[in-house]
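Colleague: I would like to go through the labels used for this model and hear what each one rests on. Please take them one by one.

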Amino acid sequence: MFARAPLVLLISLVAAIVALFVLAESVCPHVAQHLEPLVLKISTQPAVMVRHVRVLDVNSGQLSLPSDVLIENGIIEAVYAEPVPSSVQIEDCAIVDGAGGVLMPALTDFHMHIGFSDGEPPWTASIFHPVNSAREKESYIYAGVTTVVEGSVSPLPGILSGRETASPYIVRTGKQVTARGGHPHPMIDALIPWPMNKYVGGKLTVQLEDFVAQEETVRAILKDGSIHHLKIIYDNAIPTGSPKLDLDSLKLAVGLAHSYGKPAYVHVGSVKDVMDAVRAGADVLMHVPFVDTFSHEQIKELAKSRAVFVTTSQIWSWTSLGFDKNRELTDLEKKLMPERTYEAFTDSWAEVFKNFRSPYLPKEYLRETVPLFIRNIDTNIRLLYEGGVTLVAGTDTGVPGLVPGASLQYELRHLISLDIPVAEVLRSATVTPGKLLSDSDRAFGEVKSGNNAELILVRDNPLEDVSRLESISYIFTQGRVYQRFD
Ligand SMILES: [Zn+2]
(Lines give C-alpha, C1' and ligand atoms only; values in the text may rest on other atoms or scores of the structure.)
Protein backbone atom coordinates (compact mmCIF):
# COMPACT_ATOMS: atom_id res chain seq x y z
CA MET A 1 0.00 0.00 0.00
CA PHE A 2 2.72 2.38 1.09
CA ALA A 3 4.98 1.44 -1.87
CA ARG A 4 2.24 2.30 -4.31
CA ALA A 5 1.91 5.87 -3.12
CA PRO A 6 4.79 7.31 -5.21
CA LEU A 7 3.44 5.53 -8.31
CA VAL A 8 -0.03 6.98 -7.80
CA LEU A 9 1.54 10.38 -7.27
CA LEU A 10 3.55 10.03 -10.48
CA ILE A 11 0.50 8.94 -12.49
CA SER A 12 -1.53 11.88 -11.18
CA LEU A 13 1.32 14.25 -11.97
CA VAL A 14 1.58 12.98 -15.54
CA ALA A 15 -2.21 13.13 -15.94
CA ALA A 16 -2.19 16.70 -14.64
CA ILE A 17 0.54 17.68 -17.11
CA VAL A 18 -1.29 16.10 -20.05
CA ALA A 19 -4.52 17.81 -18.99
CA LEU A 20 -2.67 21.13 -18.83
CA PHE A 21 -1.39 20.68 -22.38
CA VAL A 22 -4.81 19.73 -23.70
CA LEU A 23 -6.22 22.82 -21.99
CA ALA A 24 -3.36 24.91 -23.39
CA GLU A 25 -4.12 23.65 -26.88
CA SER A 26 -7.66 24.97 -26.67
CA VAL A 27 -6.89 28.37 -25.14
CA CYS A 28 -3.41 29.29 -26.27
CA PRO A 29 -3.01 30.60 -29.83
CA HIS A 30 0.72 29.68 -29.92
CA VAL A 31 -0.05 26.02 -29.45
CA ALA A 32 -3.07 25.82 -31.71
CA GLN A 33 -1.31 27.89 -34.40
CA HIS A 34 -1.66 26.38 -37.84
CA LEU A 35 1.72 25.80 -39.45
CA GLU A 36 2.23 25.80 -43.19
CA PRO A 37 3.96 22.61 -44.33
CA LEU A 38 7.68 22.89 -45.10
CA VAL A 39 8.08 20.00 -47.50
CA LEU A 40 5.89 18.12 -49.94
CA LYS A 41 6.24 14.41 -50.56
CA ILE A 42 6.31 13.77 -54.28
CA SER A 43 6.21 10.56 -56.30
CA THR A 44 4.79 7.34 -55.04
CA GLN A 45 6.53 5.44 -57.82
CA PRO A 46 9.19 2.90 -56.84
CA ALA A 47 11.78 4.31 -59.28
CA VAL A 48 13.09 7.85 -59.64
CA MET A 49 15.49 9.08 -62.32
CA VAL A 50 17.37 12.28 -61.54
CA ARG A 51 18.24 13.63 -64.98
CA HIS A 52 21.09 15.83 -66.23
CA VAL A 53 22.54 16.32 -62.78
CA ARG A 54 26.17 16.83 -61.73
CA VAL A 55 27.19 14.45 -58.95
CA LEU A 56 29.50 15.56 -56.13
CA ASP A 57 32.05 13.02 -54.97
CA VAL A 58 32.64 14.22 -51.40
CA ASN A 59 35.79 12.09 -51.06
CA SER A 60 37.68 13.62 -53.97
CA GLY A 61 35.79 16.91 -54.20
CA GLN A 62 35.22 16.17 -57.91
CA LEU A 63 32.06 17.16 -59.71
CA SER A 64 30.89 14.93 -62.60
CA LEU A 65 29.56 16.11 -65.94
CA PRO A 66 25.75 16.23 -66.17
CA SER A 67 24.36 12.71 -66.21
CA ASP A 68 21.56 10.56 -64.75
CA VAL A 69 21.13 8.77 -61.45
CA LEU A 70 18.57 5.99 -61.01
CA ILE A 71 17.03 5.26 -57.62
CA GLU A 72 14.87 2.18 -57.06
CA ASN A 73 13.04 1.43 -53.81
CA GLY A 74 15.25 3.87 -51.93
CA ILE A 75 18.53 2.40 -53.19
CA ILE A 76 20.90 4.08 -55.68
CA GLU A 77 20.63 1.65 -58.55
CA ALA A 78 22.99 3.33 -61.01
CA VAL A 79 25.11 6.45 -61.36
CA TYR A 80 25.45 6.64 -65.15
CA ALA A 81 28.61 7.96 -66.78
CA GLU A 82 26.49 9.44 -69.58
CA PRO A 83 22.86 10.52 -69.80
CA VAL A 84 20.50 7.64 -70.53
CA PRO A 85 18.95 8.09 -74.02
CA SER A 86 15.34 9.24 -73.70
CA SER A 87 14.29 6.23 -75.82
CA VAL A 88 15.12 3.98 -72.84
CA GLN A 89 11.96 3.55 -70.78
CA ILE A 90 11.99 2.49 -67.13
CA GLU A 91 8.72 1.21 -65.78
CA ASP A 92 6.94 3.23 -63.08
CA CYS A 93 9.69 5.81 -63.01
CA ALA A 94 9.31 9.40 -61.84
CA ILE A 95 11.63 12.00 -63.35
CA VAL A 96 13.35 14.72 -61.35
CA ASP A 97 14.97 17.38 -63.50
CA GLY A 98 18.43 17.95 -62.06
CA ALA A 99 19.69 20.30 -64.81
CA GLY A 100 22.03 22.94 -63.37
CA GLY A 101 21.96 21.31 -59.93
CA VAL A 102 24.32 19.17 -57.90
CA LEU A 103 23.36 15.82 -56.37
CA MET A 104 25.24 15.03 -53.17
CA PRO A 105 24.88 12.98 -50.00
CA ALA A 106 22.30 14.31 -47.54
CA LEU A 107 23.58 15.63 -44.20
CA THR A 108 23.84 13.95 -40.81
CA ASP A 109 23.53 15.71 -37.43
CA PHE A 110 25.56 13.48 -35.11
CA HIS A 111 24.13 14.84 -31.86
CA MET A 112 20.58 16.00 -31.30
CA HIS A 113 17.60 15.55 -28.99
CA ILE A 114 14.01 15.42 -30.25
CA GLY A 115 11.21 16.88 -28.17
CA PHE A 116 13.18 19.38 -26.08
CA SER A 117 13.30 22.76 -27.78
CA ASP A 118 12.50 24.42 -31.07
CA GLY A 119 15.24 26.94 -30.30
CA GLU A 120 13.35 28.97 -27.72
CA PRO A 121 15.68 30.42 -25.05
CA PRO A 122 15.06 29.60 -21.38
CA TRP A 123 13.94 33.08 -20.40
CA THR A 124 10.70 32.74 -22.36
CA ALA A 125 10.26 28.94 -22.17
CA SER A 126 6.94 28.00 -20.66
CA ILE A 127 4.75 24.99 -20.12
CA PHE A 128 2.38 26.67 -22.60
CA HIS A 129 4.93 26.38 -25.43
CA PRO A 130 5.29 22.64 -25.82
CA VAL A 131 7.60 21.43 -28.55
CA ASN A 132 6.00 20.20 -31.75
CA SER A 133 8.31 17.29 -32.51
CA ALA A 134 6.62 16.58 -35.86
CA ARG A 135 7.64 20.09 -36.87
CA GLU A 136 11.18 19.50 -35.61
CA LYS A 137 11.50 16.40 -37.77
CA GLU A 138 10.12 18.19 -40.82
CA SER A 139 12.63 21.01 -40.24
CA TYR A 140 15.53 18.57 -40.44
CA ILE A 141 14.26 17.31 -43.79
CA TYR A 142 13.81 20.87 -45.06
CA ALA A 143 17.45 21.62 -44.15
CA GLY A 144 18.69 18.48 -45.95
CA VAL A 145 19.49 16.57 -42.75
CA THR A 146 18.16 13.04 -43.30
CA THR A 147 20.03 11.19 -40.54
CA VAL A 148 20.20 12.25 -36.90
CA VAL A 149 21.94 10.63 -33.94
CA GLU A 150 20.00 10.78 -30.69
CA GLY A 151 21.75 12.01 -27.56
CA SER A 152 18.77 10.96 -25.46
CA VAL A 153 15.31 9.51 -25.80
CA SER A 154 12.52 11.97 -26.53
CA PRO A 155 10.68 12.90 -23.33
CA LEU A 156 7.50 13.91 -25.16
CA PRO A 157 4.38 11.84 -24.71
CA GLY A 158 3.10 10.78 -28.15
CA ILE A 159 -0.10 12.80 -27.71
CA LEU A 160 1.92 16.03 -27.87
CA SER A 161 4.16 15.18 -30.79
CA GLY A 162 2.00 16.65 -33.55
CA ARG A 163 1.04 15.00 -36.83
CA GLU A 164 4.15 13.67 -38.50
CA THR A 165 4.68 14.50 -42.17
CA ALA A 166 8.39 13.85 -42.74
CA SER A 167 11.18 12.60 -40.51
CA PRO A 168 14.90 12.02 -40.73
CA TYR A 169 16.19 8.53 -40.00
CA ILE A 170 16.79 8.46 -36.24
CA VAL A 171 19.79 6.57 -34.86
CA ARG A 172 18.37 5.69 -31.47
CA THR A 173 19.74 5.62 -27.97
CA GLY A 174 18.22 4.59 -24.63
CA LYS A 175 18.24 6.18 -21.21
CA GLN A 176 21.47 8.03 -20.46
CA VAL A 177 23.72 6.63 -17.74
CA THR A 178 24.74 9.34 -15.29
CA ALA A 179 25.61 9.94 -11.63
CA ARG A 180 22.80 10.69 -9.16
CA GLY A 181 22.00 14.37 -9.65
CA GLY A 182 24.59 14.58 -12.45
CA HIS A 183 24.27 16.18 -15.87
CA PRO A 184 21.74 16.71 -17.44
CA HIS A 185 19.62 17.10 -14.26
CA PRO A 186 20.85 20.54 -13.10
CA MET A 187 20.51 21.79 -16.69
CA ILE A 188 17.00 20.39 -17.05
CA ASP A 189 16.03 22.08 -13.78
CA ALA A 190 17.48 25.35 -15.08
CA LEU A 191 15.93 25.24 -18.55
CA ILE A 192 12.63 23.40 -18.32
CA PRO A 193 9.79 24.91 -16.29
CA TRP A 194 8.37 23.03 -13.32
CA PRO A 195 6.74 20.48 -13.26
CA MET A 196 7.91 19.39 -16.72
CA ASN A 197 11.53 19.28 -15.46
CA LYS A 198 10.63 16.46 -13.05
CA TYR A 199 8.79 14.54 -15.72
CA VAL A 200 11.55 14.98 -18.33
CA GLY A 201 14.36 14.14 -15.88
CA GLY A 202 12.66 10.88 -14.95
CA LYS A 203 12.26 9.76 -18.56
CA LEU A 204 15.79 10.64 -19.57
CA THR A 205 18.37 8.95 -17.39
CA VAL A 206 19.30 6.20 -15.00
CA GLN A 207 21.11 7.83 -12.10
CA LEU A 208 23.68 5.49 -10.64
CA GLU A 209 24.96 5.59 -7.10
CA ASP A 210 26.75 2.27 -7.18
CA PHE A 211 27.43 0.81 -10.61
CA VAL A 212 27.95 -2.77 -9.43
CA ALA A 213 24.67 -2.75 -7.49
CA GLN A 214 22.81 -1.17 -10.39
CA GLU A 215 24.43 -3.03 -13.29
CA GLU A 216 21.12 -4.70 -14.17
CA THR A 217 19.50 -1.33 -14.95
CA VAL A 218 22.27 -0.64 -17.46
CA ARG A 219 21.92 -4.12 -18.95
CA ALA A 220 18.19 -3.48 -19.36
CA ILE A 221 18.97 -0.46 -21.56
CA LEU A 222 21.42 -2.46 -23.66
CA LYS A 223 19.02 -5.37 -24.14
CA ASP A 224 16.67 -3.08 -26.08
CA GLY A 225 17.29 -4.14 -29.70
CA SER A 226 16.17 -0.78 -31.10
CA ILE A 227 19.02 1.20 -29.58
CA HIS A 228 22.22 1.80 -31.51
CA HIS A 229 24.56 3.18 -28.82
CA LEU A 230 24.81 3.62 -25.07
CA LYS A 231 24.99 7.26 -23.99
CA ILE A 232 27.12 7.82 -20.91
CA ILE A 233 27.50 11.15 -19.09
CA TYR A 234 30.96 11.91 -17.71
CA ASP A 235 31.12 15.62 -16.92
CA ASN A 236 30.73 17.90 -13.87
CA ALA A 237 30.89 21.35 -15.46
CA ILE A 238 27.21 22.26 -16.01
CA PRO A 239 27.29 23.91 -13.55
CA THR A 240 30.80 23.54 -12.12
CA GLY A 241 31.04 20.83 -9.46
CA SER A 242 27.87 18.87 -10.25
CA PRO A 243 28.01 15.10 -9.51
CA LYS A 244 29.87 12.91 -12.01
CA LEU A 245 30.28 9.12 -12.46
CA ASP A 246 33.51 7.76 -10.97
CA LEU A 247 36.14 6.41 -13.36
CA ASP A 248 35.46 2.76 -12.51
CA SER A 249 31.76 3.17 -13.30
CA LEU A 250 32.67 4.79 -16.62
CA LYS A 251 34.93 1.84 -17.48
CA LEU A 252 32.22 -0.65 -16.48
CA ALA A 253 29.58 1.14 -18.56
CA VAL A 254 31.81 1.27 -21.67
CA GLY A 255 32.78 -2.39 -21.24
CA LEU A 256 29.15 -3.42 -20.78
CA ALA A 257 28.08 -1.56 -23.94
CA HIS A 258 30.82 -3.31 -25.91
CA SER A 259 29.81 -6.70 -24.51
CA TYR A 260 26.37 -6.10 -26.11
CA GLY A 261 28.02 -5.07 -29.40
CA LYS A 262 27.02 -1.42 -28.93
CA PRO A 263 29.35 1.57 -29.15
CA ALA A 264 29.76 3.86 -26.11
CA TYR A 265 28.99 7.52 -26.87
CA VAL A 266 30.26 9.64 -23.99
CA HIS A 267 29.24 13.18 -23.06
CA VAL A 268 32.34 15.02 -21.80
CA GLY A 269 33.08 18.54 -20.54
CA SER A 270 36.79 18.81 -19.81
CA VAL A 271 40.02 17.56 -21.38
CA LYS A 272 40.48 15.18 -18.43
CA ASP A 273 36.99 13.75 -19.05
CA VAL A 274 38.02 13.14 -22.67
CA MET A 275 41.31 11.43 -21.82
CA ASP A 276 39.60 9.21 -19.19
CA ALA A 277 36.84 8.29 -21.63
CA VAL A 278 39.18 7.53 -24.52
CA ARG A 279 41.43 5.39 -22.30
CA ALA A 280 38.29 3.62 -21.05
CA GLY A 281 37.47 2.72 -24.68
CA ALA A 282 34.83 5.32 -25.57
CA ASP A 283 33.97 5.20 -29.27
CA VAL A 284 32.55 8.69 -29.75
CA LEU A 285 32.98 11.82 -27.64
CA MET A 286 29.67 13.63 -27.96
CA HIS A 287 31.33 17.04 -27.46
CA VAL A 288 34.62 18.76 -28.02
CA PRO A 289 35.64 19.75 -24.47
CA PHE A 290 34.65 23.26 -23.41
CA VAL A 291 36.14 23.57 -19.91
CA ASP A 292 39.79 23.76 -21.00
CA THR A 293 42.04 23.11 -24.02
CA PHE A 294 44.20 20.17 -25.17
CA SER A 295 47.98 20.02 -24.98
CA HIS A 296 49.89 18.87 -28.07
CA GLU A 297 50.79 15.59 -26.32
CA GLN A 298 47.13 14.89 -25.64
CA ILE A 299 46.24 15.58 -29.28
CA LYS A 300 48.95 13.11 -30.35
CA GLU A 301 47.50 10.45 -28.06
CA LEU A 302 43.98 11.09 -29.41
CA ALA A 303 45.20 10.86 -33.00
CA LYS A 304 46.60 7.41 -32.26
CA SER A 305 43.30 6.28 -30.71
CA ARG A 306 40.18 5.62 -32.78
CA ALA A 307 38.37 8.41 -30.96
CA VAL A 308 35.79 10.41 -32.91
CA PHE A 309 34.62 13.86 -31.76
CA VAL A 310 31.26 15.47 -32.42
CA THR A 311 31.89 19.19 -33.01
CA THR A 312 28.88 20.72 -31.12
CA SER A 313 30.35 24.22 -31.32
CA GLN A 314 27.02 25.94 -30.60
CA ILE A 315 25.97 24.42 -27.29
CA TRP A 316 26.20 27.82 -25.60
CA SER A 317 25.02 29.87 -28.54
CA TRP A 318 21.74 30.79 -26.80
CA THR A 319 23.82 33.01 -24.52
CA SER A 320 25.59 34.80 -27.38
CA LEU A 321 22.41 35.08 -29.45
CA GLY A 322 20.48 36.42 -26.50
CA PHE A 323 22.93 38.28 -24.27
CA ASP A 324 25.88 39.49 -26.35
CA LYS A 325 23.96 39.54 -29.65
CA ASN A 326 27.31 38.87 -31.28
CA ARG A 327 25.93 37.00 -34.22
CA GLU A 328 23.05 37.34 -36.65
CA LEU A 329 20.50 34.62 -37.16
CA THR A 330 20.75 33.01 -40.59
CA ASP A 331 17.87 33.12 -43.07
CA LEU A 332 17.35 29.39 -42.54
CA GLU A 333 17.14 29.84 -38.76
CA LYS A 334 14.61 32.66 -39.19
CA LYS A 335 12.60 30.52 -41.59
CA LEU A 336 12.47 27.48 -39.30
CA MET A 337 12.13 29.03 -35.82
CA PRO A 338 8.74 30.01 -34.40
CA GLU A 339 8.03 33.74 -34.34
CA ARG A 340 7.99 33.89 -30.54
CA THR A 341 11.50 32.39 -30.49
CA TYR A 342 12.72 35.05 -32.90
CA GLU A 343 11.17 37.73 -30.70
CA ALA A 344 12.74 36.20 -27.59
CA PHE A 345 16.21 36.66 -29.05
CA THR A 346 15.61 40.35 -29.66
CA ASP A 347 15.14 40.92 -25.88
CA SER A 348 17.86 43.01 -24.24
CA TRP A 349 20.27 41.57 -21.66
CA ALA A 350 18.47 43.52 -18.91
CA GLU A 351 15.07 42.23 -20.06
CA VAL A 352 16.38 38.70 -20.19
CA PHE A 353 17.63 38.72 -16.62
CA LYS A 354 14.31 40.02 -15.41
CA ASN A 355 12.79 36.78 -16.68
CA PHE A 356 15.63 34.33 -16.17
CA ARG A 357 16.96 33.73 -12.69
CA SER A 358 18.34 30.29 -12.16
CA PRO A 359 20.29 28.96 -9.19
CA TYR A 360 21.70 26.33 -11.54
CA LEU A 361 23.03 28.70 -14.18
CA PRO A 362 23.72 31.93 -12.26
CA LYS A 363 24.38 35.22 -13.98
CA GLU A 364 28.14 35.14 -13.22
CA TYR A 365 28.42 31.67 -14.75
CA LEU A 366 26.67 32.81 -17.91
CA ARG A 367 28.59 36.09 -18.11
CA GLU A 368 32.10 34.89 -17.21
CA THR A 369 32.39 31.12 -17.57
CA VAL A 370 30.34 30.51 -20.68
CA PRO A 371 32.22 32.95 -23.00
CA LEU A 372 35.40 31.07 -22.06
CA PHE A 373 33.68 27.75 -22.89
CA ILE A 374 32.78 29.07 -26.33
CA ARG A 375 36.41 30.07 -27.05
CA ASN A 376 37.75 26.74 -25.73
CA ILE A 377 35.49 24.74 -28.06
CA ASP A 378 36.77 26.63 -31.11
CA THR A 379 40.40 26.22 -30.01
CA ASN A 380 39.91 22.49 -29.44
CA ILE A 381 38.19 21.94 -32.78
CA ARG A 382 41.20 23.56 -34.51
CA LEU A 383 43.67 21.47 -32.48
CA LEU A 384 41.81 18.24 -33.24
CA TYR A 385 41.59 19.06 -36.94
CA GLU A 386 45.30 19.96 -37.17
CA GLY A 387 46.19 16.78 -35.26
CA GLY A 388 44.29 14.59 -37.72
CA VAL A 389 41.62 13.44 -35.23
CA THR A 390 38.28 12.44 -36.79
CA LEU A 391 35.56 15.07 -36.46
CA VAL A 392 31.87 14.62 -37.23
CA ALA A 393 29.47 17.54 -37.47
CA GLY A 394 26.83 17.63 -34.78
CA THR A 395 24.92 20.29 -32.92
CA ASP A 396 23.26 19.08 -29.71
CA THR A 397 20.02 20.61 -31.01
CA GLY A 398 17.52 20.35 -28.20
CA VAL A 399 19.56 22.74 -26.10
CA PRO A 400 18.05 26.22 -26.41
CA GLY A 401 19.01 28.51 -29.27
CA LEU A 402 19.47 25.73 -31.79
CA VAL A 403 16.88 25.36 -34.52
CA PRO A 404 16.46 21.80 -35.85
CA GLY A 405 18.13 21.45 -39.25
CA ALA A 406 19.21 25.08 -39.50
CA SER A 407 21.65 24.47 -36.65
CA LEU A 408 23.55 21.79 -38.59
CA GLN A 409 23.84 24.13 -41.57
CA TYR A 410 25.20 26.81 -39.20
CA GLU A 411 27.60 24.30 -37.65
CA LEU A 412 29.14 23.68 -41.08
CA ARG A 413 29.54 27.41 -41.72
CA HIS A 414 31.13 27.82 -38.32
CA LEU A 415 33.63 25.01 -38.94
CA ILE A 416 34.60 26.71 -42.20
CA SER A 417 35.10 29.98 -40.29
CA LEU A 418 37.66 28.07 -38.17
CA ASP A 419 39.70 27.58 -41.37
CA ILE A 420 38.80 23.95 -41.91
CA PRO A 421 38.62 23.37 -45.70
CA VAL A 422 35.08 23.25 -47.13
CA ALA A 423 35.56 19.73 -48.55
CA GLU A 424 36.68 18.47 -45.13
CA VAL A 425 33.67 20.11 -43.48
CA LEU A 426 31.29 18.55 -46.01
CA ARG A 427 32.81 15.13 -45.31
CA SER A 428 32.24 15.63 -41.57
CA ALA A 429 28.49 15.70 -42.24
CA THR A 430 28.30 13.08 -45.02
CA VAL A 431 30.90 10.41 -45.70
CA THR A 432 32.43 10.32 -42.18
CA PRO A 433 29.14 9.78 -40.30
CA GLY A 434 28.16 7.42 -43.11
CA LYS A 435 31.18 5.23 -42.39
CA LEU A 436 30.45 5.22 -38.65
CA LEU A 437 26.73 4.49 -38.92
CA SER A 438 26.31 2.34 -42.03
CA ASP A 439 25.46 -1.30 -41.48
CA SER A 440 24.14 -4.18 -43.56
CA ASP A 441 20.64 -2.62 -43.58
CA ARG A 442 21.56 0.92 -44.40
CA ALA A 443 24.64 2.32 -46.17
CA PHE A 444 24.86 6.03 -46.85
CA GLY A 445 27.15 9.06 -47.00
CA GLU A 446 28.22 8.84 -50.66
CA VAL A 447 26.48 8.92 -54.04
CA LYS A 448 27.35 5.44 -55.29
CA SER A 449 25.34 2.51 -56.54
CA GLY A 450 24.23 0.10 -53.84
CA ASN A 451 24.02 2.83 -51.21
CA ASN A 452 20.72 3.98 -49.75
CA ALA A 453 19.53 7.07 -51.56
CA GLU A 454 20.05 9.58 -48.74
CA LEU A 455 20.62 12.53 -51.04
CA ILE A 456 20.00 16.21 -51.60
CA LEU A 457 19.77 18.14 -54.83
CA VAL A 458 21.33 21.58 -54.32
CA ARG A 459 21.33 24.52 -56.67
CA ASP A 460 25.06 24.65 -57.40
CA ASN A 461 28.47 23.41 -56.22
CA PRO A 462 28.68 23.94 -52.43
CA LEU A 463 32.48 23.55 -52.53
CA GLU A 464 32.67 26.95 -54.22
CA ASP A 465 30.13 28.61 -51.94
CA VAL A 466 28.92 26.68 -48.94
CA SER A 467 25.80 28.85 -48.52
CA ARG A 468 24.47 26.97 -51.57
CA LEU A 469 24.00 24.03 -49.28
CA GLU A 470 20.99 25.86 -47.88
CA SER A 471 19.34 26.09 -51.33
CA ILE A 472 17.94 22.61 -51.61
CA SER A 473 15.32 21.70 -54.17
CA TYR A 474 14.85 17.97 -53.49
CA ILE A 475 15.50 15.70 -50.53
CA PHE A 476 15.70 11.91 -50.96
CA THR A 477 15.40 9.78 -47.84
CA GLN A 478 14.12 6.39 -46.75
CA GLY A 479 12.64 5.68 -50.18
CA ARG A 480 10.77 8.97 -50.36
CA VAL A 481 11.33 12.15 -52.33
CA TYR A 482 10.49 15.57 -50.89
CA GLN A 483 10.34 18.93 -52.52
CA ARG A 484 10.56 22.12 -50.51
CA PHE A 485 7.76 24.63 -50.27
CA ASP A 486 9.78 27.86 -50.51
ZN1 LIG B 1 23.26 16.41 -26.02
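**Labels and their grounds**

Colleague: What makes β4 and β5 a hairpin, and which residue in the turn has a positive phi?

Modeller: β4 and β5 form the hairpin with 2 residues between them, and Asn73 in the turn has a positive phi of about 50 degrees. Bear in mind that this is a predicted model. Pairing of two strands needs at least two bridges; 4 bridges join β4 (residues 67-72) to β5 (residues 75-79), and the two strands run antiparallel. One of the facing pairs is Leu70 with its bridge partner Ala78 in β5.

Colleague: Is Asn73 buried or exposed, and on what count?

Modeller: Exposed, because Asn73 has 10 C-beta neighbours inside 10 Å and the label applies at 12 or fewer.

Colleague: Which label does His52 get, and why?

Modeller: His52 has 15 other C-beta atoms within 10 Å, so it is called partly exposed; that count falls between the limit of 12 or fewer for exposed and that of 20 or more for buried. His52 sits in strand β2 (residues 47-57). Its phi is positive, about 55 degrees, although the residue is not a glycine.

Colleague: Why does Ala125 count as buried?

Modeller: Ala125 has 20 C-beta neighbours inside 10 Å, and the label starts at 20, so Ala125 is buried. The residue is in the loop between β8 (107-112) and α3 (133-142).

Colleague: What does Ala125 touch, leaving out residues up to four places away in sequence?

Modeller: Glu120, Leu191, Ile192 and Pro193. The C-alpha atom of Ala125 is also 9.3 Å from that of Pro400, a residue 275 places away along the chain.

Colleague: Why is α3 described as largely enclosed?

Modeller: Because 9 of its 10 residues are buried. They are Ser133, Arg135, Glu136, Lys137, Glu138, Ser139, Tyr140, Ile141 and Tyr142. The cover over them includes β1 (39-42), β9 (145-150), α11 (331-336), β19 and β20. After α3 comes Gly144, with a positive phi near 85 degrees.

Colleague: How do you know that β13 is mostly covered?

Modeller: 5 of the 5 residues in β13 (residues 230-234) are buried. Leu230, Ile232 and Tyr234 point one way, Lys231 and Ile233 the other way, and all are buried.

Colleague: What joins β13 to β14, and which way do the strands run?

Modeller: 5 bridges join β13 to β14 (residues 264-268), and the strands run parallel. Leu230 stands opposite Ala264 in β14. Between the two strands the chain passes through helix α7 (residues 247-259), giving a β-α-β crossover that is right-handed.

Colleague: Which peptide bond in the loop between β13 and α7 is cis?

Modeller: Pro239 lies in that loop, and the bond from Ile238 to Pro239 is cis, with omega near -10 degrees. The bond from His183 to Pro184 is also cis, with omega near 10 degrees; Pro184 lies in the loop between β11 (176-179) and α4 (185-191).

Colleague: Which residues touch the most other members of the largest nonpolar core?

Modeller: Leu103, Ile232, Ala253, Val266, Ala277, Ala282 and Leu285, out of 118 residues in that core.

Colleague: Why is this core said to lie between the domains?

Modeller: Because domain 1 (40-105 + 444-484) and domain 2 (107-319 + 354-436) both give residues to this core. Leu285, one of the residues just listed, is in contact with Val266, Val268, Val274, Ala277, Ala307, Phe309 and Val310, leaving aside neighbours within four places in sequence. A second, separate core has 7 residues, including Ala125, Leu191, Ile192 and Leu204.

Colleague: How far apart are the centres of the two domains?

Modeller: The C-alpha centres of domain 1 and domain 2 lie 31 Å apart. The contact takes 21 residues from domain 1 and 21 residues from domain 2. On the domain 1 side, β19 (472-477) and β20 (480-484) each supply at least two residues, and β19 gives the largest share, 3 residues.

Colleague: What is the make-up of that side of domain 1 by class?

Modeller: The side of domain 1 that touches domain 2 has 11 nonpolar, 5 polar and 5 charged residues.

Notes: Residues numbered from 1 in each chain as written. Predicted model: local features only at pLDDT ≥ 70, side-chain atom pairs only at ≥ 80, totals over all residues. Domains from an automatic or database assignment. Contact = placed C-beta atoms within 7 Å. Nonpolar A, V, L, I, M, F, W, Y, C, P; charged D, E, K, R; others polar. Core = buried A, V, L, I, M, F, W, Y, C linked by C-beta atoms within 7 Å. Right-handed = clockwise from strand over helix to strand, strands pointing away.
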